Amino acid sequence: MEPLDRSKLTATSQLANTRNQDSIKLTANTFYPARLMLPTAGNAVLLLQQQNMPSIALNTTPKLPPNVPLQVSFNHADTASFNIKVMQWQGAPQAIALSPAQLQFLQQPQNIQQLAQHIAKGEAIQQLAGDAFKISVANQPVQLTMLPLNNSSMQAQPPAAELLSKLTHSALFQALSPALQQLFLKPEYQALLLQQLQTQATYLQVADAVLPLDNKQRLLLQTLLAPLVQQHAQSQLASTSAILLLQPLKALPDVQLSRDMLAITLKLLGPEAKSNTPLTTALAQPHVTLEKTSGSMSSVLRDALTSLKEDVMKAVNLDKVLASTGLTAEHPNIKLQAGTPYFAKLQQNQQQVQLILQTAQGPLKLALSSMPSLPTDVPLQLSFKMLQSGVVELDVKILTSLPQTITLTKAQAELLQDPKQLALLQQRLMRGETITQLAGESLKLAAVEAKAMQLTLLPVAENSSRTTSNSNSSWQLSIQPVNSEQKLRLSSSDFLKPLPLTNLATDSKVSMQLKAESSQLAWRQLLPLLENTPATLRHLPEMPAAVQQLLSLVRQAQPSGDKVLSATQVVEQLQAAIQFQPLQAQPNLGTAAGTLAVAIQLLLGHLLRQPLNAGKETATQRLAQHIGQLDQQQSSQLLRALGSHSSALQLAQLQNADTASIGQQWLIPLALQQQQESRLSQILIEQREAENKDKAEQQKYWQLTMKFDLGRYGQLMAVAKLNNTDVQLQFYTDEPLALRQAEKFLPLLTERCTAQGLSVSTAQCQLGKIPDTLGNRRTSLISTKA
């Protein structure tokens with residue numbers, strides 16, 4: 001059988017038949033599947049692929065591509081003409097098996113429209129209605145169509161090979177051209193044909209071909225395809241109850257159609273037909289809307305409901321599907337990680353209550369003895385924590401709608417890898433702020449209307465599209481609206497089977513202790529080899545990408561001149577430096593010292609071939625990801641570089657211990673990020689006695705001394721003495737250029753001190769020789785130049 005021969009098509013043929021109507025009514029701004037046919041005898045015909053929909057006879061051929069699948073929508077350009085928006089099929093369709101919950105979710109027109117909008121933007125979607133969801137599509141508009149499946153018809157079906165043999169040996173298949181036969185063997189085209197057959201489309205189209213089948217041939221083809229499509233869908237997802245068909249489209253230029261170009265009268269329904277209204281939902285509308293007046297049921301919902309059999313409709317409530325197909329095979333080896341979030345949903349039927357969790361190893365069913373205080377059949381995100389006395393605490397997030405995903409630039413991704421910056425962005429969004437820039441670059445972020453939300457950095461999948469401006473980015477920001485959050489405590493006895501919960505802090509205690517001992521031994525052997533001068537940690541062009549990105553993450557945790565820290569952040573940075581230990585547990589990843597400790601521990605584990613658990617912290621996961629790409633030599637070199645910073649911190653701690661008996665004095669090395677380099681500064685905080693001839697009235701004051709390495713500006717030392725509310729400021733530098741800059745800055749610093757209620761009695765700067773370290777004894781620190 002060859003595709004429809006245009007030479008046999010006349011203006012009065014069945015496909016071109018207008019059913020003797022002088023007028024046609026269409027809904028404005030609604031996409032209709034269509035095809036422009038150019039017969040040899042008679043005028044052109046615009047065929048509409050909708051059941052009982054008359055085709056449009058034309059007096060003049062419009063500027064539309066002939067004999068290819070199109071999507072067209074109409075509105076009034078003016079009183080004498082229509083404007084046609086045109087989409088053309090581009091590329092092969094995709095067939096995605098849907099879970100019962102996903103089918104129920106997508107039967108809401110606003111949800112399927114929202115899904116199409118996310119796909120059209122090229123956003124990464126990893127879950128839908130609490131179940132895993134994977135697509136592969138470029139950044140382009142799409143047509144979405146749902147194909148319901150009859151699960152009850154799957155009982156005692158022959159194997160797929162036998163079904164395929166019946167298809168290929170049928171007279172209908174043998175009559176096809178070789179090119180069409182190849183398409184008929186592909187599951188996605190089988191699903192596309194079955195959808196057209198079930199909806200009784202005016203004509204069947206495969207790629208660019210139209211198949212002129214009679215009713216008998218249609219019934220035969222539907223009988224052959226239905227079990228094949230069903231088996232292929234269930235091979236993707238055992239509990240599937242529908243298929244989502246995704247057809248990529250490309251936008252074509254609008255076409256103007258005057259009334260005299262039509263052989264019939266065309267009437268547009270809907271208030272939006274009165275003017276040339278911009279079409280806002282065109283890309284998201286999965287089905288055409290039949291000619292209905294306002295208030296009619298959306299075709300998306302109507303087509304899905306009318307095609308479902310009664311028993312499949314019950315399966316939407318999840319009970320019959322679970323009983324007949326067995327949602328998933330049991331996975332006895334699946335282990336849940338304490339503190340790790342899992343997409344889930346709670347299901348209840350007459351027989352039992354169970355939680356269905358999506359894990360990396362596959363779905364996991366947790367049968368419960370009673371109904372917990374959670375909503376059923378609603379997308380959830382759960383994390384588990386085992387408390388004492390056999391009590392399990394669940395962190396529950398009730399999700400709403402789909403996540404919004406934004407592709408980030410390289411600078412934006414680096415900024416948000418700092419957990420505090422990610423939390424700050426979340427706070428701004430929850431306050432309802434409109435954010436148009438991030439990290440000094442444009443950010444397209446739609447308003448998020450939700451009581452709460454969860455922000456997550458996601459790596460871009462290999463098949464995900466990237467815009468031209470963000471082609472160098474490898475990260476996306478996922479914004480998941482959260483309807484509500486709660487904590488729920490269940491007893492271990494509430495689970496009908498033991499909860500497969502793994503807690504590394506307890507279950508792997510012996511293993512972790514062995515790893516810690518190995519790391520400590522390796523660190524002691526490394527100490528004599530460390531450099532005395534702290535490395536600058538700058539990246540060089542010849543460095544591998546993983547090394548550069550790792551150094552960048554370490555530097556980002558360090559304070560810099562372009563980041564103004566709050567008083568709390570300053571305290572956190574100083575406390576982390578004072579308490580630093582290279583192998584410490586639970587370091588503060590928001591600080592320079594904490595990030596340094598984590599990087600050292602991960603590098604040691606990599607070198608010892610004992611990789612540490614990266615946990616759920618985004619920053620730790622990023623560090624572990626880059627370290628995992630290093631070879632032994634690169635890891636050793638990086639460990640020595642980071643170890644030089646560790647040595648400086650530990651030497652300062654030794655001096656603090658030595659001077660503890662003398663008085664209150666703390667030496668704190670603090671790495672600062674300067675021009676993509678890491679330079680170690682020193683801070684000395686001490687309490688001193690004021691020089692006073694009358695020893696009976698001696699007073700104590702605080703002195704803060706800070707030493708900075710400014711690169712080409714040389715060395716700078718600042719000394720601030722605080723006695724009650726009186727402040728004396730003295731700056732020393734060994735470079736005239738730095739002296740001039742400091743003198744310009746002094747008036748501003750004086751004003752800021754005054755604004756804090758302090759009285760600045762002295763503020764000056766002069767040239768001087770700066771000591772190598774503030775760790776020396778406090779005599780003759782400065783040799784003033786004449």
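Biologist: What makes Phe173 count as buried or exposed in this predicted model?

Modeller: Phe173 has 6% relative accessibility. Buried means under 20% relative accessible area, so Phe173 counts as buried.

Biologist: And how do you know which class Phe184 belongs to?

Modeller: By the matching step: Phe184 stands at 1% relative accessibility, and the cut-off for buried is under 20%, so Phe184 counts as buried.

Biologist: Why is the aromatic pair of Phe173 and Phe184 called edge-to-face?

Modeller: Their ring centres lie 6.5 Å apart and the planes make 65°. Planes over 60 degrees apart count as edge-to-face, so that name fits this pair. Phe173 sits in helix H4 and Phe184 in helix H5, so the pair ties together parts eleven residues apart in sequence.

Biologist: What makes the pair of Trp666 and Trp702 stacked?

Modeller: Here the planes meet at 20°, with centres 6.5 Å apart. Planes under 30 degrees apart count as stacked, so the pair is stacked. Trp666 belongs to strand S27 and Trp702 to strand S29, so this pair links parts 36 residues apart in sequence.

Biologist: Why is Trp666 called partly exposed?

Modeller: Its relative accessible area is 32%. Buried is under 20% and exposed is over 50%, with partly exposed in between, so Trp666 is partly exposed. Trp702, at 34%, is partly exposed too.

Biologist: Happy with that! Now the helices: how do H17 and H19 meet?

Modeller: Their axes come within 10 Å and cross at roughly 145°, and the crossing is left-handed. By class, eleven nonpolar, six polar and no charged residues make up the contact of H17 with H19.

Terms used
Residues numbered from 1 in each chain as written. Predicted model: local features only at pLDDT ≥ 70, side-chain atom pairs only at ≥ 80, totals over all residues. Heavy atoms only, no water. Axes fitted to C-alpha atoms, helices over the stretch in contact; angles between N-to-C directions. Helix = DSSP H or I, 4+ residues; strand = E, 2+ residues; numbered from the N terminus. Left-handed = near helix turned anticlockwise from the far one by under 90°. Nonpolar A, V, L, I, M, F, W, Y, C, P; charged D, E, K, R; others polar. Phe/Tyr/Trp six-rings, centres within 6.5 Å; stacked < 30°, edge-to-face > 60°. Buried < 20%, exposed > 50% of the residue type's maximum accessible area, 1.4 Å probe, protein only.
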